[in-house]
Amino acid sequence: RQGGVRKAAELAPIVRQSVQLLRATMPSSTIIDADVPMQPIIAEVDGVQLEQVLFNLCINARDAVGSHGRIRVGMRERDAGALRCASCRSDVPAGRWVELSVTDDGTGIPPDVLVRMFDPFYSTKEIDRGSGMGLAMVHGIVHSHGGHIAVETRAGAGSTFRVMLPPGGAVAHVPPPLPAARPA
């Protein structure tokens, strides 16, 4: 992992550009669109890393919808309440967040995959279909930005990944790792 350079940035141009680039990689029978509000939404981000997050989530959504389907990339500000992070299993602190979402109308995620999908080296991808490290990378980038990831899924009805980022450059408190135990 590299730290990257974070700066306060309006997210709409990053999201629109990412969706435009992704359209070129999707089958013509897969529709990908963006729901981006007109008012500026600002967060302190590394734009390249944020694009990596969107690319990885959209590629997984493409795999879920198969040869025909719809992927929607959304962005909004929202108050978080009663959300649990699917990757670190912590409660998302209440308060104002910037939410980037990727929703597909694919197959949904089975419960046994849902509990392990952010683990490094865990993958359901077939050989020659990618490294299987996409969601582990998403986890690392989002959490390094002080964010969290919520996932909603239903069998046969698709999935929504909600990337929650602190707004306007305010980084959410992430507790430091505990020191290693010292031998006696």
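**Figure 1. Residues lining the largest cavity of the predicted model.** Val45, Asp46, Gln49, Leu50, Val53, Ile141, Val142, His145 and Leu165 form the lining of the largest cavity. Two elements, α2 (47-65) and α4 (134-144), each give two or more residues to this lining. Helix α2 supplies the largest share, 3 residues.

**Figure 2. Chemical character of the lining of the largest cavity.** Sorted by class, the residues around the largest cavity comprise 6 nonpolar, 2 polar and 1 charged. Among the lining residues are Val45, Leu50 and Ile141, together with Asp46, Gln49 and His145.

**Figure 3. Enclosed space in the model.** There are 2 cavities of 30 Å³ or more in the structure. The largest cavity holds about 50 Å³ of space. Leu165 is one of the residues that line the largest cavity.

**Figure 4. Order of helices and strands along the chain.** The protein contains 4 helices and 7 strands. From the start of the sequence to its end, these elements run β-α-β-β-α-β-β-α-α-β-β. The helices α2 (47-65) and α4 (134-144) belong to this set, and both contribute to the lining of the largest cavity.

**Figure 5. Burial, contacts and exposed surface.** The protein has 184 residues, of which 43% count as buried. When contacts between residues at least 6 apart in sequence are considered, 73% of them join residues at least 24 apart. The exposed area of the protein is about 10,300 Å². Carbon and sulfur atoms supply 55% of that area.

Key:
Residues numbered from 1 in each chain as written. Predicted model: local features only at pLDDT ≥ 70, side-chain atom pairs only at ≥ 80, totals over all residues. Heavy atoms only, no water. Buried < 20%, exposed > 50% of the residue type's maximum accessible area, 1.4 Å probe, protein only. Contact = heavy atoms within 4.5 Å. Areas by Shrake-Rupley, 256 points an atom, 1.4 Å probe, with all protein chains shown as cover. 1 Å grid on protein atoms, 1.4 Å probe; cavity = no way out; pocket = protein on both sides within 12 Å on 5 of 7 lines; lining within 4 Å. Points joined across faces, edges and corners; volume = space filled by probe spheres on them. Nonpolar A, V, L, I, M, F, W, Y, C, P; charged D, E, K, R; others polar.
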